[in-house]
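Thanks for coming. I will go through the empty spaces in this model and then one pair of helices.

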Amino acid sequence: MTDSVDPATPRYSPQTELIHGGIERSQHGETAEALYLTSGYVYDSAEQAAARMSGDEPGFVYSRYANPTVRMLEDRLALIEGAETCRIAASGMGAISSALMSPLQTGDRVVAASALFGSCRWIIGTLMPRFGIEIEFVQGDDLEAWAKALSRPAKLVLVESPANPMLDGVDISAVAELAHKAGAKLVVDNVFATPMLQKPLEFGADLIVYSATKHMDGQGRVLAGAILGKSDWIEEHVDPYLRHTGPAASPFNAWVVLKGLETLNLRVERASATAARLADAVAGHEKVRAVRYPGRKDHPHHEVLMRQMTGGGTLIALSLKGARAEAFRFLNALNLIHISNNLGDSKSLACHPASTTHRALSDEERAAMGLDDSWVRLSIGLEDAGDLERDLHNALDAI
Ligand SMILES: *Cc1c(COP(=O)(O)O)cnc(C)c1O
């Protein structure tokens, strides 16, 4: 497999690469990205088949390994992130589980921030120990705890910043330094920030993982995921794992994400501006106990989040006065904003993490994250900001 992009010398700014990056045109010269909906490839001769399979001749052999449409998405994302290379998987978890499991063996150590997407916590907290992998969770904002956990050798470190669902911030540079001293690679789940607002590679991260299901598709249609990083690591560890375990993305889904990327910057910019306005608009409401938004000074991790991000992002966490009953009444009183655990959609969505996305955690684990029944997570979309503000105020008044 050869990479056709050289991210060390990007041709254009990310905004332009979102639209043109990675395009490989067929002999027909189509304007839009071609959809190669094929599982296999044919060869001119038996000799060519042998040369392709052995890797002596570059080219596609089977879409579990690589596909031209999926390759265009990989090259485009590598250019936008400024990474050497990218691999696409069928979902965010297909990508993240492959990035995490592929380099590990029994006896290795993995250290992770405790505030993680639920399935990431399951992989580290439940799956890895079954294979004799030693794991440790650390409070993401506690640098002393990181230093202690990483005073012993480790293989991988995983953080998410801002993290689901409380939008906690992790100091990526500080954790990267500690991880590298411990011999570990730092993996950053950058879903909430998107590549438009945060570039973890600039802060020393080694691997970036995404659910492309979220802002990259951005219109709630398909699942996909991405792994970005250095070619030598990905070729040695991730490629054999992806090829032989098979979480390959559908070329159709990759094509949908390619088209979604064309508007990623516009959508993230617009949704972030609306989210910043809405966070301020609900902060003073009498039914609101606390608002957490990275761009607001009252967020406990405001300083580190805004050092790493160029905008506040599209998500808001809201603590309502009361508990589950009040949170449910608020959600049920929303008209325009739909109740959904998805995020990063052009439609604004709201959920109650303690009873949905984070219901599998123990009470102690939720308490350690500061997540109680009063919290609601809002994913802000592309509707008119005034309409959204009225919907939020009506629902708050209805509590
Ligand atoms: C959604 C999400 C994932 C998982 O992605 P899927 O595409 O649903 O598999 C991982 N991390 C974060 C932060 C997410 O929001």
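**Cavities, a pocket and a helix pair**

The largest cavity holds about 180 Å³ of space. Keep in mind that this is a predicted model. Around that cavity there are 18 lining residues, and R64, Y65, A66, E74 and I88 are the ones nearest its centre. Three elements each give two or more residues to this lining: α3 (68–81), β1 (85–89) and α9 (231–245). By class, the lining has 10 nonpolar, two polar and six charged residues.

How many cavities of 30 Å³ or more does the structure hold? There are four. The second largest cavity has about 60 Å³ of space. Among the residues that line it are H215, R267, D345 and L382. Its lining divides into four nonpolar, six polar and two charged residues.

Now to a pocket. The second largest pocket has a volume of about 470 Å³. It is lined by 21 residues, with F117, G118, S119, T357 and A360 the closest to its centre. Helix α5, residues 118–130, gives the most to this lining, with six residues. The lining of this pocket comprises six nonpolar, 10 polar and five charged residues.

Where does the second largest pocket lie? Domain 1 (14–261) and domain 2 (264–397) both give residues to its lining, so the pocket lies between them.

Last, the helix pair. Helix α11 (residues 264–283) packs against helix α15 (residues 385–398) at an angle of about 30 degrees, and their axes are 10 Å apart. Angles under 35 degrees count as roughly parallel, so α11 is roughly parallel to α15. The crossing of α11 and α15 is right-handed.

Conventions
Residues are numbered from 1 along each chain as its sequence is written. This is a predicted model: local features need pLDDT of at least 70, side-chain atom pairs count only at pLDDT 80 or more; totals for chains, interfaces and linings use all residues. Side-chain values use heavy atoms; hydrogens and water are left out. On a 1 Å grid over the protein atoms alone, a cavity is a set of points where a 1.4 Å probe fits but cannot get out, and a pocket is an open set with protein on both sides within 12 Å along at least five of seven lines; lining residues have an atom within 4 Å of a point. Grid points are joined across faces, edges and corners, and a volume is the space filled by probe spheres set on the points. Helices (H or I, at least four residues) and strands (E, at least two) are DSSP runs, numbered from the N terminus. Ala, Val, Leu, Ile, Met, Phe, Trp, Tyr, Cys and Pro count as nonpolar, Asp, Glu, Lys and Arg as charged, and the others, Gly among them, as polar. Domain bounds come from an automatic or database domain assignment. Axes are lines fitted to C-alpha atoms, for helices over the stretch in contact, and angles run from 0 to 180 degrees between N-to-C directions. Angles under 35 degrees count as roughly parallel, over 145 as roughly antiparallel, 65 to 115 as roughly perpendicular and the rest as oblique. A crossing is left-handed if the near helix is turned anticlockwise from the far one by less than a right angle, and right-handed if clockwise.
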